[in-house]
Every structure is written in structure tokens, then in C-alpha cells.
Amino acid sequence: MEGTREKKMKILCLHGFRTSGSILKHQISKWDPSIFAQFDMVFPDGIFPATGKSEVEGVFPPPYFEWFQFNKEFTEYTNLEECITFLCEYITSKGPFAGLLGFSQGATLSALLLGYQAQGILLKEHPPIKLFVSISGSKFRDPRICEVAYKESIKAKSVHFIGAKDRLKLPSHELAAAFDNPLIITHPQGHTVPRLDEVATEQLRSWTAEIIECKNCAADKKHVLENGEPTVDIDQEKQREEARKSVDIVEAAQA
């Protein structure tokens with residue numbers, strides 16, 4: 001029945017610097033549609049209008065947006081706190097979101113949110129965001145941010161697209177290293193949302209399929225617990241039996 005159909009997991013997709021949500025949606029549409037068919041992909045626009053020329057001008061139509069501004073060395077940021085506040089409110093009100101997907105500035109920002117949530121800095125009332133797709137993402141370089149956001153290996157299940165000709169190739173590898181057991185997919189292109197060959201397509205499809213399978217397994221276990229007899233872990237039952245025997249032996253010795 002329609003009313004009981006399982007809801008799709010939501011993925012928040014954050015676009016790159018001076019582009020837009022609709023542009024990222026178009027860029028992602030180059031990928032095989034079966035990859036994210038079982039997810040609800042959400043593509044918001046950045047909260048600030050572009051303050052300069054966009055690299056996609058002439059390729060994609062305006063308007064263009066940015067999430068925050070930064071200096072040339074990417075060590076100082078303007079409007080970052082306002083951006084984080086906006087996204088936390090958006091995630092809380094529009095969610096829950098199971099994952100984040102981002103390109104360039106959007107990927108960098110997404111990783112920051114994941115690291116901050118893991119450290120209990122923000123999104124405390126939101127369920128842990130468990131998956132992340134990074135396309136040309138990188139770390140923030142302000143030590144004050146790094147010491148918190150990347151303090152420990154981020155446990156979210158992650159895949160990182162890194163271009164051989166990307167100017168952020170090394171920073172993208174550094175970001176991937178901040179995650180626990182990341183899947184790295186390299187491509188021969190530059191700083192772009194890449195077209196995927198058959199190998200990369202199958203890697204990403206398998207990655208999302210595994211997530212869906214884990215979700216379904218969790219749902220099945222919940223259904224059993226709510227509607228029938230809970231399953232019994234054999235090892236746990238053996239441990240309980242051994243514990244009962246130990247108690248019987250002690251009591252017999254004390255008798």
C-alpha cells in the first residue's frame with residue numbers, strides 16, 4: 001500500500017562555488033540513473049549570490065550561488081558560520097538526511113558537517129549522517145577547524161571522486177584520508193563532476209546497493225522485534241547458559 005511504502009533515504013547535495021543546485025543536479029544526471037534511483041536527492045542553492053565571475057558562465061545559465069567566501073590560501077573564511085547555521089536548520093527541518101553529496105566547495109563543507117557532528121558540535125538531535133559522496137572535495141586549512149573536524153577518523157561510509165588533472169587532487173586525497181575505509185574512485189578528468197566509465201559506474205552502483213541492503217536488513221530486524229519473536233543470537237545464548245551453570249556450581253559449593 002502507498003501509505004506503508006518505505007520512504008527513500010534522503011541525500012543532501014551541495015553544489016560547487018558559484019554554481020547552483022540545479023547545475024549540480026544536471027551534472028549528476030550524467031551518471032547512470034539506477035545508481036541513486038532508491039534515494040531522494042535534494043539540491044538546495046547556496047545562501048549567497050555569487051560575488052564574482054563563475055567558472056561555468058557560458059556553460060550553464062545564471063543565477064549562481066556560493067556557500068561562503070575564502071581567501072586565496074583557503075585559510076580565512078567569510079560567512080562560514082552563517083552558512084553552517086543555515087545548513088543545520090535546513091537539515092533538521094527538511095530531514096532526516098541519511099547522507100551528503102558535494103562537489104568542490106559543497107564537498108568540503110559536507111565533510112566539515114560530518115566531522116563536527118561526529119564530535120558533538122552540531123546536529124546533536126539529528127540522526128548520525130552515515131554516507132558521503134565527495135567530488136573534488138578538500139579539507140579546511142584553518143588549524144582551529146582541523147583540530148576539531150578531523151580530530152578522529154570520520155566513520156561515515158564515503159566515496160571520493162578524484163581527478164588525475166584536478167588542481168585539488170592532493171587535497172582530495174587528504175580529505176579521503178580523514179575517513180574510515182574510504183572508497184576512492186579516480187578519473188582522468190580535471191576539477192569537474194566526471195562522466196563515469198563502466199568500471200566507475202559499477203563501483204558506485206555496488207556502493208549504493210550495499211547501503212540499501214544494510215537499510216533493508218535493519219528494517220527487517222526492526223519488523224521482527226516489533227511484530228514477532230526476536231531472533232536469538234546463538235553465541236549470546238551460550239554465554240547465558242554458561243553463566244547460569246557457573247551460578248549453579250557456586251551455589252552448590254556454598255550449600
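The face of helix H2 turned away from its buried side carries the exposed residues Glu-81, Glu-89, Thr-92 and Ser-93. Here exposed means over 50% relative accessible area, buried means under 20%, and partly exposed lies in between, with a 1.4 Å probe and protein chains only. Helices (H or I, at least four residues) and strands (E, at least two) are DSSP runs, numbered from the N terminus. Before going on, please keep in mind that this is a predicted model, where local features need pLDDT of at least 70, side-chain atom pairs count only at pLDDT 80 or more, and totals for chains, interfaces and linings use all residues. Residues are numbered from 1 along each chain as its sequence is written, and side-chain values use heavy atoms, with hydrogens and water left out.

Now turn H2 around. Its buried residues are Leu-80, Cys-83, Ile-84, Leu-87, Cys-88, Tyr-90 and Ile-91. Why do they lie on the same side of H2? Because they cover an arc of only 165 degrees around the axis, taken from the directions from the helix axis to the C-beta atoms. The general pattern is familiar: an α-helix has 3.6 residues a turn, so residues three or four places apart point the same way. Among the elements that cover the buried residues of H2 are strand S1 (9-14), helix H3 and helix H4 (143-149), with contact meaning heavy atoms within 4.5 Å.

Two of those buried residues are cysteines, so what about a disulfide, that is, a pair of cysteine sulfur atoms within 2.5 Å? The count comes to zero. The sulfur of Cys-83 is 9.2 Å from the closest cysteine sulfur, in Cys-88, which is too far for a bond. Cys-83 has a relative accessible area of 0%, and Cys-88 has 14%.

Next, let's visit helix H5 (residues 169-176), whose buried residues are Pro-171, Ser-172, Leu-175 and Ala-176. They too share one side of their helix, because their arc is only 145 degrees around the axis. Their cover includes helix H3 (105-118), strand S8 (131-135), strand S9 (157-163) and strand S10 (183-187).

The last two of these strands also belong with H5 in another way: S9, H5 and S10 make a right-handed β-α-β unit. Right-handed means that, with the strands pointing away from the viewer, the path from the first strand over the helix to the second runs clockwise. S9 and S10 run parallel and are joined by five bridges, where pairing asks for at least two DSSP bridges between two strands. Along this pair, Ile-162 stands opposite Thr-186 in S10.

Note on methods. A disulfide is a pair of cysteine sulfur atoms within 2.5 Å.
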